[in-house]
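Welcome! Here is a short guided walk through a structure that may be new to you. Take a look at it first, and then read on.

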Amino acid sequence: MKQVPKEYYELLEQIQTVDFALVELTLYLDTHPADYQAIQQFNQLAQRRKHLKKQFESAYGPLQQFGNSYSNYPWNWNDAPWPWQI
Amino acid sequence: MFTTRKQYKPYVSPFDPCPPIRCKTYVTAPNQYVGFQPPNLPQFPLHEAFKKGTLWKIFYDPYYGPYEVKFGDQQ
């Protein structure tokens with residue numbers, strides 16, 4: 001079986017890192033809806049998340065399903081590695 | 001010095017078969033001492049926040065057993 005390259009893990013970790021900060025900020029903003037600076041940080045990270053997702057998916061295939069990610073041809077949703085194989 | 005580790009003295013039975021532990025300690029979460037979170041708290045850099053499990057420095061709460069760190073040494 002082919003191995004995933006080192007960059008795969010690096011990029012995935014970056015996505016996880018940004019995702020975690022987004023979760024934290026979401027919870028924070030639920031109770032502090034008028035914190036302008038936090039909202040700015042949130043939007044910046046959301047943009048970075050989008051960019052990272054695009055970069056990851058164009059190299060290693062879709063992260064999400066049901067129209068949230070594009071597919072290559074042929075259909076590559078079920079390509080290994082699956083999340084629990086990483 | 002303030003610490004999130006608290007202590008209590010449990011009851012010791014005269015029939016305790018083991019040598020009694022007279023002072024036990026437990027750890028409380030730092031968010032209990034903050035109340036409503038003030039805005040603009042200092043943050044960890046993102047890659048660190050991911051490893052530490054919180055974005056805000058004051059909420060970072062690693063656990064050490066009572067025998068791992070000398071009592072009152074935390075923070």
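Helices and strands here are DSSP runs, of at least four residues for a helix and at least two for a strand, numbered from the N terminus. With that in hand, B:Asn40 can be placed in the loop between strand 2 (24–27) and helix 1 of chain B. Please keep in mind that this is a predicted model.

Let us begin with the two helices of chain A. Two packed helices are described by the angle between their axes and the distance between the axes. For helix 1 (residues 6–31) and helix 2 (residues 36–60) of chain A, the axes come within 9 Å and cross at roughly 150 degrees. Angles over 145 degrees count as roughly antiparallel, and helix 1 and helix 2 of chain A are therefore roughly antiparallel to each other. Helix 1 of chain A passes helix 2 of chain A in a left-handed crossing. The contact between helix 1 and helix 2 of chain A has 18 nonpolar, three polar and four charged residues.

The lengths of these helices can be checked against a rise of 1.5 Å a residue, and in each row of the table the two values agree.

| Helix | Residues | Expected span | Distance between end C-alpha atoms |
|---|---|---|---|
| Helix 1 of chain A | 26 residues | 38 Å | 39 Å |
| Helix 2 of chain A | 25 residues | 36 Å | 36 Å |

Which residues of helix 1 of chain A are buried? They are A:Thr17, A:Val18, A:Ala21, A:Glu24 and A:Leu25. The buried residues of this helix pack against helix 2 of chain A together with helix 1 (46–52) of chain B.

That brings us to the meeting of the two chains. Nine residues of chain B are in contact with 11 residues of chain A. On the chain B side, five of the residues are nonpolar, four are polar and none is charged.

Now follow chain A beyond helix 2. A:Gly61 comes after this helix and has a positive phi, near 95 degrees. In the segment after helix 2 of chain A you will also find A:Phe66, which has a positive phi of about 65 degrees although it is not a glycine. A:Phe66 counts as exposed because it has 5 C-beta neighbours inside 10 Å. A cis peptide bond joins A:Tyr73 and A:Pro74, with omega about 0 degrees. Another cis bond runs from A:Ala80 to A:Pro81, with omega near 0 degrees.

Finally, return to B:Asn40. Its phi is positive, about 60 degrees, although B:Asn40 is not a glycine. With 8 other C-beta atoms within 10 Å, B:Asn40 is exposed.

Methods
Residues numbered from 1 in each chain as written. Chains lettered and ligands numbered in written order. Predicted model: local features only at pLDDT ≥ 70, side-chain atom pairs only at ≥ 80, totals over all residues. Axes fitted to C-alpha atoms, helices over the stretch in contact; angles between N-to-C directions. Parallel < 35°, antiparallel > 145°, perpendicular 65-115°, else oblique. Left-handed = near helix turned anticlockwise from the far one by under 90°. Nonpolar A, V, L, I, M, F, W, Y, C, P; charged D, E, K, R; others polar. Contact = placed C-beta atoms within 7 Å. Expected span 1.5 Å × (residues − 1). Buried ≥ 20, exposed ≤ 12 C-beta atoms within 10 Å, placed from the backbone.
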